[in-house]
Amino acid sequence: MSPDKLVYMANQIGRFFVTQGQEKAAAGTADHIRKFWEPRMRTAIIAHLKAGGAGLDPVVRLALERLPEAKPEAGRQQAPPQ
Amino acid sequence: MSLVQEPTTRTLVREIDYGTPRSKAEKTVTLSIDGRQISVPEGTSIMRAAMEAGIEIPKLCATDMLEAFGSCRLCLVEIEGRAGTPASCTTPVADGMVVHTKSERLDRIRKGVMELYVSDHPVDTLDRAKHPDVDLLATAAAVGLEDVRYGFDGARHRNPGIDESNPYFSFDPAKCIVCSRCVRACEEVQGTFALTVSGRGFDSIIAAGMDEKFIESECVSCGACVQACPTGSLIEKAVIEQGKPEWSEVTTCGYCGVGCAFKAEMRGDQVVRMVPYKDGKANRGHSCVKGRFAWGYANHKERILKPMLREKITEPWREVSWEEAIARVASEFKRIQAKYGRSSIGAITSSRCTDEETFLVQKLVRAAFGNNNVDTCARVCHSPTGYGLSTTFGTSAGTQDFDSVEHTDVAIVMGANPTDAHPVFASRLKKRLRQGAKLIVIDPRRIDLVRSPHIEAAYHLPILPGTNVAILTALAHVIVTEGLIKEQFVRERCEWDAFQDWAAFVAEERNSPEAVAKATGVPAEDIRGAARLYATGGNGAIYYGLGVTEHSQGSTAVMALANLAMATGNVGRPGVGVNPMRGQNNVQGSCDMGSFPHEFSGYRHIANDAVRAMFEAAWGKTLDNEPGLRINNMLDAACDGSFKALYIQGEDILQSDPNTHHVAAGLAAMECVVSQDLFLNETANYAHVFLPGSTFLEKDGTYINAERRIQLVRKVVEPKAGYADWEITCLISEAMGYPMRYNHPSEIMDEIARLTPTFAGVSFKRIEELGSIQWPCNEKAPEGTPVMHMNGFVRGKGRFMVTEYIATDEKVGPRYPLLLTTGRILSQYNVGAQTRRTANVVWHEEDRLEIHPHDAEERGIRDGDWVKLASRAGETTLRARITERVAPGVIYTTFHHPNTQANVVTTDYADWATSCPEYKVTAVQVSPSNGPTEWQEQYNELVRKSRRVAATVEAAE
C-alpha cells in the first residue's frame, strides 16, 4: 500500500486525538489503528516508520511505536485491545 | 434447495377502516350504540366507536387516515335526546350517549343521498355485474338502494376528461363525487397541497395544481390520493390493465431506510399494486412514489436470469448453468487463495439484501474464506454514525422511532433532504411542523423543507460544504456560554470530567459564532438564534443524513451532534434524540449483521476472545482475530497486487463509490470479480462471473430500517433466476468446502439471535406476532426498544467528545473555485439501477448540475446548457440547471445516472475514523461544453463491449 496514503490517514487520526494531550492522543491513535487497520496496512506503515517515517506527525510516530508490529519481536500473537 | 412453504390460504389482507383516526386521550367514555355498551377513549367519533364494536356505518368521505370532514351525509345516526340526524364521523362520543345506527328514517335518508350520487354517475343501471369497475355501486347496494327515481340520463357534473398524464395512475372525473378525500390526503397525509376543489356546487371538480394535468402540477405521485379515493375515480393504471387483485401479503419496501410496510396485492403470480399497510409502524399507511409505484424493474427486460461467465472482461459473457458458475467461483477463489494467500479475497455485503443474506455473506468470509475482508456500502454512507454514536452513547443506532416526531417541539435537520430521500418520514415531520413545531435546517442548499406550503424553517443555516464541525461547535459555544446547559441531566447521565473538558473547549472564543461566521458563511446571529431555540424550545430532536457523515470529519460531526443532544438533555425520551436517516432499505441491518471487517453481529470487535470463541464454537472454525480490509483498502490492495478476488452481493461500487478511476483500476487488477445482482450494473463491467440475484418480491427475510425496526419481507413471486440471494451464498460456501445449510431464512435469524445479545428475543414467529420489533430485543426488552437510552446510556455514562474543527484538504483555488456537493432526488434511488428501469424516469431522466445564476452568468452558462464538470480526480459533462437553491460558490448534482458518473469527479478524501468518502465536498470548475468528455466516450464503449452476451449455441443431440 502506498505509504503516502497511509501516512495521510494516520495523521488524520492523530489530528482528532491530539486535542486530548500528547499521552492520550498517542494511546488513542494507536488503539484506533490496531482496531481498524488490516495487518498489511499496519505492516506497511511500520516499515515506513522504520525507514525514517517521513511525513508522520509527532503524535502519530509515538502511537506507531506502540503497535505490536513495531516491536523487534513483532508478530501476530498479540491481539488488539477489545 | 428452497423448501419455503407456499401460503396455505391466498386471500386479500383486508384492513378495517374505522372512518376517523384513533383518539389519543387516556380518559375513556362509555356509550350505547344499537343497544351495546361500548367504551372508547374520549374524543373518538361515533363512527369509530361503532366500528370498533363491529358495527359498520355506511360512509364515503370518511377514512381513518384523515380527519373527519362530514360532507357525504351518508353516515348519519340518531342520538336519543338530540334533534336531527348528525353525522357520526364528526360527532364525538359522550358518556351515557344512546346511539342508533339503523332506523327506517336513517335508511330513507341514506338511500336518498345515494340516489343523488348515482344519478350523476357514469352508469345506466344499478346492476354491479354490468359495471364491475364502478365502486360506488357497492356502497349503493350496501345502503339498499334499488331504484333511481331521477333516471340515469340527467345532467352530469363538469368533466374535462380522463387525466392519464401520470405514468402510474389515472383520474376519471366522471366517477368523482368530490368527497375531497384525495385533497385531504394530499394535505394531511402527504403534506404537498397539490390538489384542490375547483368551482362550487354542482360545478365543483378536483383539480391538480392550477387546473393542470397531474404530471404538470406539484404532485409528487405519492399515491395517497389514489389510496384514499372511495370510487375508483383515481386508480392505479395497473388495476385497469390487469384487473383487481386476488390475494396479498404484507411485506417491506426495498427502497429507502424508512422501511414502509406494504400489502403486495397480487393477481396470480403478478403484482398488481403495492398498497401501504396501515399497521406498518414506520409509515402508518403512507408511501412515496418509489415504494408504491416503482417496482416494475422486477420484470424489466434487462434483468439477467441466467448465470454468466467469461475468462477476461474484454470478452463477451457466456450463459452457463448454476453448477458451472458456482464451481467456477469456488475454484477461482481457492486457486487465488492458494497462490496469493488467505487474505487475498473478500466480499461486500448488500444493504439492499435481507439481514439473513447479509449475515451469510459475512459468515462465508469469516468461516469459509478464513479472513475478515468483508465490508458493506455503509462504509460509504453511515459508518461515521456507527463510530460517532458508539463513542458518545455506546451503540451504533438511531435513538428514536419515527412516532417520536409527534412529540418533537424543535427539529434540527442537518445534511439531509427528507422530502426527497426519506419522503414518508418527511410527511410525518411536516405534519408535526404544521401543528406548530419549529424547524432548524443546516444545509448548503435551500432544500424544500426550508420553505414549502404551510412549512417554514425558523432558521436555515446555509453552511459552506465542509464546515459542519465548525458550526456545530459554535452552536455548543452558545449553549455553554449562555448558560443553556441542562446541568442536572449532564451530572446524572454523563461523564462529568469529559463534559467539563468539552465545555471549556467549546467556550473558547475561537469557537464562537462570530469567529466561525466567515468560515461557515452563516451570520453569527442566526447561529445564536438557532442554538437558543434548540436548547430552550422544548423537546429537541436531531435528524441528520449523509451531509453530516460524508466528510473528512464525518465521525467528528456525529459526535458533535451527540454532544449537543446530551448538553441540552435531549436524549432518552419520546420527541428528542439523535436520528441518522439511513439511506438504503437495510443499511442498518447490514451493519447490525456484522458486515464491517472489524466486528461481528451486534457491533462486537473480532479481537474480543469471548465473542470470537462463541462464533468459533457455533461455526466450527477457527476465526481470524485481525480486522480485515475496508472497501477502499481492498481497492488499494488490489492495485498493489495483494488482493485478487471479490464477491459482491447487490452493490454497484463502480457507480456509487468515489473516484471512479480508482475503483475501476482496483477492479481491473483483480483476477476474479463476482457480481451478484439483478442487472449488468456498472461494476459488472469488470466482473468475470455474474450471478443473477432476486428482488425483494422473490424471497423471505427481514430488513431493519432507520428506527432499528426489524420487519418481514415476504415472498410473493418465485425467484425468477431460480434462487434467492441467500441460497446462492450457501451454494458458494458449500462448493468451497464449508456447507451452510438452512431450510428457510427464519433458521438463519434463529442463528443470529443465538449469537447476538441485542437480537436474543428475535425470531420470524415473534416478528409476525408483534408486527415488527425494534432491537435491542431480549430478556430486558422482550417486545423491543422504541426509544433508546431511556434509563442511562448503553455505554453507562454519556461521553462528551472534544470536536476540533479541521478544514478538509479538498480546497478551492483558482483552478477549482467551486464546491460540489452531491445528493439524490425523490423519484430516483441511489445508483438508479432499479428506478431508471421504471416510469420514474419521466421525473428525472438525467442528472443535472444545479448552479447559482451568479456563477452561471460568470461562465456564460444558460439553463439547459451542456457543461463540463472538472475536479482534480476527473471530469464529466452534464446539463446545467440554474437555481437559487444553491448559494453562489456551491454547485450540486445527483449520482443516479451512469452516463454522468458524478463520482468520476469525487476524490479519495475520507473520514478520519472510518474512511467514509468525502462525497459532499469536491473543489471543481464548471465550463461550457460541446459534448461528452473523453472518459465518457471511452466508458460508453467499455459498457457496450462488456455487456455483450454470446449467442447461445444449442448443444447437438
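Two strands pair if DSSP finds at least two bridges between them. Keep that rule handy for the sheets below. Helices (H or I, at least four residues) and strands (E, at least two) are DSSP runs, numbered from the N terminus.

This is a predicted model, with local features needing pLDDT of at least 70, side-chain atom pairs counting only at pLDDT 80 or more, and totals for chains, interfaces and linings using all residues. Residues are numbered from 1 along each chain as its sequence is written, chains are lettered from A and ligands numbered from 1 in the order in which they are written, and side-chain values use heavy atoms, with hydrogens and water left out.

**Stop 1: all of chain B**

Select chain B and zoom out. You have 29 helices and 36 strands on screen. Along the principal axes, the C-alpha atoms of chain B fill a box of roughly 90 × 85 × 65 Å. The radius of gyration of chain B is 29 Å, which agrees with the value near 30 Å for a compact globule of 957 residues. (It is taken over C-alpha atoms, and the globule rule is 2.2 Å times the number of residues to the power 0.38.)

**Stop 2: the five-stranded sheet**

Now pick out β20, β17, β16, β21 and β22 of chain B, which make an open sheet of 5 strands in that order, with parallel pairing. β20 (459-461) and β22 (578-580) of chain B are at the edges with a single partner strand each, so one side of each has no neighbour in the sheet. Ignoring direction, neighbouring strands of this sheet are turned by 15° against each other on average. Axes here are lines fitted to C-alpha atoms, for helices over the stretch in contact, and angles run from 0 to 180 degrees between N-to-C directions.

Zoom in on β21 (residues 540-544) of chain B: this strand pairs with β22(B) in the parallel sense over 3 bridges. Which residue in β22(B) stands opposite B:Ile542? Label B:Val578 and you have it.

Next, show helix α17 (residues 524-536) of chain B. This helix packs on the sheet, touching β16, β17, β20 and β21 of chain B, and its direction makes about 125° with that of β20(B). Contact means heavy atoms within 4.5 Å. Then add α13(B), which lies across β16 (410-414), β17 (438-442) and β20 of chain B and runs at about 160° to β16(B).

**Stop 3: α13 against α19**

Stay with α13 (residues 468-481) of chain B and bring up α19 (residues 554-567) of chain B: their axes come within 9 Å and cross at roughly 20°. That makes α13(B) roughly parallel to α19(B). (Angles under 35 degrees count as roughly parallel, over 145 as roughly antiparallel, 65 to 115 as roughly perpendicular and the rest as oblique.) The crossing of α13(B) past α19(B) is left-handed; that is the name if the near helix is turned anticlockwise from the far one by less than a right angle, and right-handed if clockwise.

Turn on side chains. On the α13(B) side, look for B:Asn468, B:Val469, B:Leu472, B:Leu475, B:Ala476 and B:Ile479; they meet B:Thr556, B:Ala557, B:Ala560, B:Leu561 and B:Leu564 in α19(B). Coloured by class, this contact of α13(B) with α19(B) shows 9 nonpolar, 2 polar and no charged residues. (Ala, Val, Leu, Ile, Met, Phe, Trp, Tyr, Cys and Pro count as nonpolar, Asp, Glu, Lys and Arg as charged, and the others, Gly among them, as polar.)

**Stop 4: α8 against α25**

Select α8 (residues 322-340) and α25 (residues 725-735) of chain B, whose axes come within 9 Å and cross at roughly 55°. That makes α8(B) oblique to α25(B), and the crossing is right-handed. B:Trp322, B:Ile326, B:Val329, B:Ala330 and B:Lys334 in α8(B) meet B:Ile728, B:Leu731, B:Ile732 and B:Ala735 in α25(B). The contact of α8(B) with α25(B) splits into 8 nonpolar, no polar and 1 charged.

**Stop 5: the three-stranded sheet and a cis bond**

Go to β28-β29-β30 of chain B, an open antiparallel sheet of 3 strands in that order. β29 (residues 709-713) of chain B pairs with β30(B) over 2 bridges, and B:Arg709 stands opposite B:Gln774 in β30(B). Helix α9 (residues 355-369) of chain B packs on this sheet, touching β28 and β29 of chain B, at about 90° to the direction of β28(B).

Now select B:Trp775 and B:Pro776: the peptide bond joining them is cis, with omega about 0°. B:Pro776 sits in the loop between β30 and β31 (818-823) of chain B.

**Stop 6: B:His454**

Finish in the loop between β18 (451-452) and β19 (455-456) of chain B, where B:His454 lies. What is phi of B:His454 near? Phi is near 65°, a positive value in a residue other than glycine. Most residues other than glycine have a negative phi, and most peptide bonds are trans.
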